[in-house]
Every structure is written in structure tokens, then in C-alpha cells.
Amino acid sequence: MRTTIDIEDDVLAAAKEIARRQHLSAGQVVSRLLREALLGGGEKSQAMTDGAKRPGGFRPFPAAGVVITDEQIDALRDAEGI
């Protein structure tokens with residue numbers, strides 16, 4: 001279904017980056033993430049903020065409104081010769 005919604009710029013950029021990595025459309029990624037959240041994915045997120053086990057043992061940083069893309073990281077690596 002096609003509709004129009006307002007998505008914050010950093011969230012859209014993150015969804016597009018996930019879509020690029022997984023060879024999907026941004027709409028497919030957003031739909032999947034919304035579906036997971038509506039089916040209880042929020043419980044997992046809440047558990048992570050309550051001190052439960054975290055992916056890779058690290059607590060994710062809070063959203064800062066900025067998304068760093070792989071292209072930006074690659075450009076920094078090239079500039080630093082890494």
C-alpha cells in the first residue's frame with residue numbers, strides 16, 4: 001500500500017542504509033521494523049534499557065539525530081590510509 005508519512009531524517013537515513021545493505025527497498029525495511037515493533041519488538045528494546053544482555057555486549061548509544069553511513073566511514077579510512 002502506498003501512503004505518505006513524515007519520518008525524521010536520521011531514521012530515514014538509517015532505514016535506507018539497512019535497505020542498501022540487505023538489497024531491499026526502504027519501504028520494505030520500514031514495514032519490517034514497524035511490524036516487529038508492533039508484534040512485541042518493543043519488549044526487547046525495553047529490556048535493553050533495563051540492563052538486560054545487549055547485542056555484542058555493548059549498550060547502544062541514544063539517538064543523536066545523526067546517522068553515520070558506511071560511505072562516510074570508508075572516506076575517513078581512505079583519508080587516514082587505513
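In the predicted model, Glu-17 is a buried residue, its relative accessible area of 10% falling under the 20% limit that defines this class. The side chain of Glu-17 nevertheless takes part in a salt bridge with that of Arg-21, with an N to O distance of 3.4 Å. Arg-21, by contrast, is exposed, because its relative accessible area of 52% is over the 50% threshold. Both Glu-17 and Arg-21 belong to helix 1, where four residues, or about one turn of the helix, separate them. This contact therefore links a buried acidic residue to an exposed basic one.

Salt bridges were examined across the model, and by the distance rule applied there are seven. In general, side chains of opposite charge can pair when their charged atoms come close.

A second such pair is found in helix 2, which spans residues 26–49 and contains both Glu-36 and Arg-32. The side chains of these two residues meet in a salt bridge at 3.5 Å, N to O. Their spacing along the chain is four residues, about one turn of the helix. Glu-36 has a relative accessibility of 42% and is accordingly classed as partly exposed. Arg-32 is likewise partly exposed, with a relative accessible area of 28%.

Helix 3, comprising residues 70–80, holds a further pair, Asp-74 and Arg-77. Because these residues are three positions apart in the helix, about one helical turn lies between them. Their side chains form a salt bridge with an N to O distance of 3.7 Å. Asp-74 counts as partly exposed at 38% relative accessibility, and Arg-77 falls into the partly exposed class at 43%. Elsewhere, salt bridges with shared partners connect Glu-17, Arg-20, Arg-21, Asp-70 and Glu-71 in one network.

Attention was also given to nonpolar surface. Ile-5, Ile-7 and Val-11 make a nonpolar surface patch of about 240 Å². Of these residues, Ile-7 is located in the segment that precedes helix 1 (9–22). Ile-7 has a relative accessibility of 31% and so counts as partly exposed. Since membership of a patch requires over 30% relative accessible area, Ile-7 satisfies this criterion at 31%.

How values were computed:
Residues numbered from 1 in each chain as written. Predicted model: local features only at pLDDT ≥ 70, side-chain atom pairs only at ≥ 80, totals over all residues. Heavy atoms only, no water. Patch = residues over 30% accessible without salt bridge, like charges linked within 9 Å, V, L, I, M, F, W, Y side chains within 5 Å. Areas by Shrake-Rupley, 256 points an atom, 1.4 Å probe, with all protein chains shown as cover. Salt bridge = Lys/Arg side-chain N within 4 Å of Asp/Glu carboxyl O. Helix = DSSP H or I, 4+ residues; strand = E, 2+ residues; numbered from the N terminus. Buried < 20%, exposed > 50% of the residue type's maximum accessible area, 1.4 Å probe, protein only.
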